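The following exercises concern the reading of one protein model. Please examine the sequence and the structure before attempting them.

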Amino acid sequence: TGEAPPIFAQAAGVPARYVAYDPWGPKGEAIVVPKDSSIKSLTDLKGKKVAVARGSNSQYLLVSALQSVGLKFEDVKVEFLKPADARAAFERQSIDAWSIWDPYLAVAEEQANARILTDATGLAPNRGYYLASQSFIDKSPDALKVVLDEVKKESEWAKKNPTEVAKFLSSSLGIDQAVLEKAEKRREYGVLPITPEVINNQQKIADTFQTIKLIPKPIRIQDAVANGVS
């Protein structure tokens, strides 16, 4: 899963535990505008309509990007839209910008006349996470290790074969293979151990979500990191 779902799960008391992460990479999400847009910098977003999926890692990107130029989340007119609805709004230019992740980002670039205003470099980590229940970790540590080892093998293959991955995903996602290949080539793969840096970055996202009232109370990410996983 991405960065946001574990945060909402923890805030709701779901006993999911972080057991590993996937680096994905900041090039895999971005804020885009139409190619002919007068918006040239992040400061130009003030007062503009920006689409984003509520509670997504791209919402965190939007908040972080605005803060980087001294703007607040409230300084833009946010339209909470799912990717398909956001793309339609973007194409008819009823919104000014769109904060989105791959492969929808690649679709926007290749098929919706989008220009990247900024990607997530220096603004958001854009990581994925592998989760398990603590009870499963306690009862079946060997099985968990097998699962993670096998996923790591698939991950290493996928990293070396972006064309094959794109071909495999194209029919199920209904997205052109060439578009998916663009996304795959800028995506990182890995099944990596949770580190203090990873925890700290995830904590920043959780704190931001609490500040903008997406979750009702502060949470401590360290409390949801698995015990007994090496």
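The exercises below treat a helix, ring contacts, nonpolar cores and backbone angles in turn.

This is a predicted model, in which local features need pLDDT of at least 70, side-chain atom pairs count only at pLDDT 80 or more, and totals for chains, interfaces and linings use all residues. Residues are numbered from 1 along each chain as its sequence is written, and side-chain values use heavy atoms, with hydrogens and water left out.

**Exercise 1. Determine whether the length of helix H7 agrees or disagrees with the expected span, and which of its residues are buried.**

Solution.

Step 1. Helices (H or I, at least four residues) and strands (E, at least two) are DSSP runs numbered from the N terminus. H7 covers residues 162-173, which is 12 residues.

Step 2. The expected span is 1.5 Å times one less than the number of residues. For H7 this gives 16 Å, and the end C-alpha atoms lie 15 Å apart, which agrees.

Step 3. A residue is buried under 20% relative accessible area, exposed over 50%, and partly exposed in between (1.4 Å probe, protein chains only). In H7, the buried residues are Pro162, Val165, Ala166 and Ser170. Viewed down the axis of H7, these buried residues fall within an arc of 140 degrees (taken from the directions from the helix axis to the C-beta atoms), so they line one face of the helix.

Step 4. An α-helix has 3.6 residues a turn, so residues three or four places apart point the same way.

Step 5. Lys167, Phe168, Ser171 and Ser172 are exposed on the other side of H7. The cover over the buried residues of H7 includes helix H6 (141-160) and helix H8 (177-185).

**Exercise 2. Classify the aromatic pairs Phe8 with Phe209 and Trp101 with Tyr104.**

Solution.

Step 1. Rings of Phe, Tyr and Trp (its six-membered ring) pair if their centres lie within 6.5 Å; planes under 30 degrees apart count as stacked, over 60 as edge-to-face and the rest as tilted. By this rule there are 4 aromatic pairs.

Step 2. Phe8 and Phe209 are stacked, at 5.6 Å centre to centre with 25 degrees between the planes. This pair links distant parts of the chain: Phe8 lies in helix H1 (residues 4-11) and Phe209 in helix H9 (residues 196-211), 201 residues apart. Phe8 is partly exposed because its relative accessibility is 28%, whereas Phe209, at 0%, is buried.

Step 3. The ring centres of Trp101 and Tyr104 are 5.9 Å apart and their planes stand at 85 degrees, so this pair is edge-to-face. Trp101 is partly exposed at 23%, and Tyr104 is partly exposed at 33%.

**Exercise 3. Identify which residues touch the most other members of the largest nonpolar core, and which helix supplies its largest share.**

Solution.

Step 1. A nonpolar core is a set of buried Ala, Val, Leu, Ile, Met, Phe, Trp, Tyr and Cys residues joined through side-chain atoms within 4.5 Å.

Step 2. The largest core has 38 residues, of which Ile7, Ile31, Leu45 and Phe209 touch the most other members. Helix H2 (57-68) is among the elements that each supply at least two residues of this core. H2 gives the largest share, 6 residues.

Step 3. Contact means heavy atoms within 4.5 Å. Not counting residues up to four places away in sequence, Ile7 touches Tyr18, Gln202, Ile205, Ala206, Phe209, Ile215, Ile219 and Ile221.

Step 4. Apart from the largest core lies another core, of 13 residues, including Ala51, Ala89, Phe90 and Trp98.

**Exercise 4. State where the cis peptide bond between Asp102 and Pro103 lies, and which residues other than glycine have a positive phi at Asn126 and Lys213.**

Solution.

Step 1. Most residues other than glycine have a negative phi, and most peptide bonds are trans.

Step 2. The bond joining Asp102 and Pro103 is cis, with omega about 5 degrees. Pro103 is found in the loop between strand S5 (97-101) and helix H4 (104-111).

Step 3. Asn126, not a glycine, has a positive phi of about 55 degrees. Asn126 lies in the loop between S6 and strand S7 (128-133), and it is buried, with a relative accessible area of 3%.

Step 4. Lys213 has a positive phi near 70 degrees. Lys213 lies in the segment after H9 and counts as exposed because its relative accessibility is 67%.
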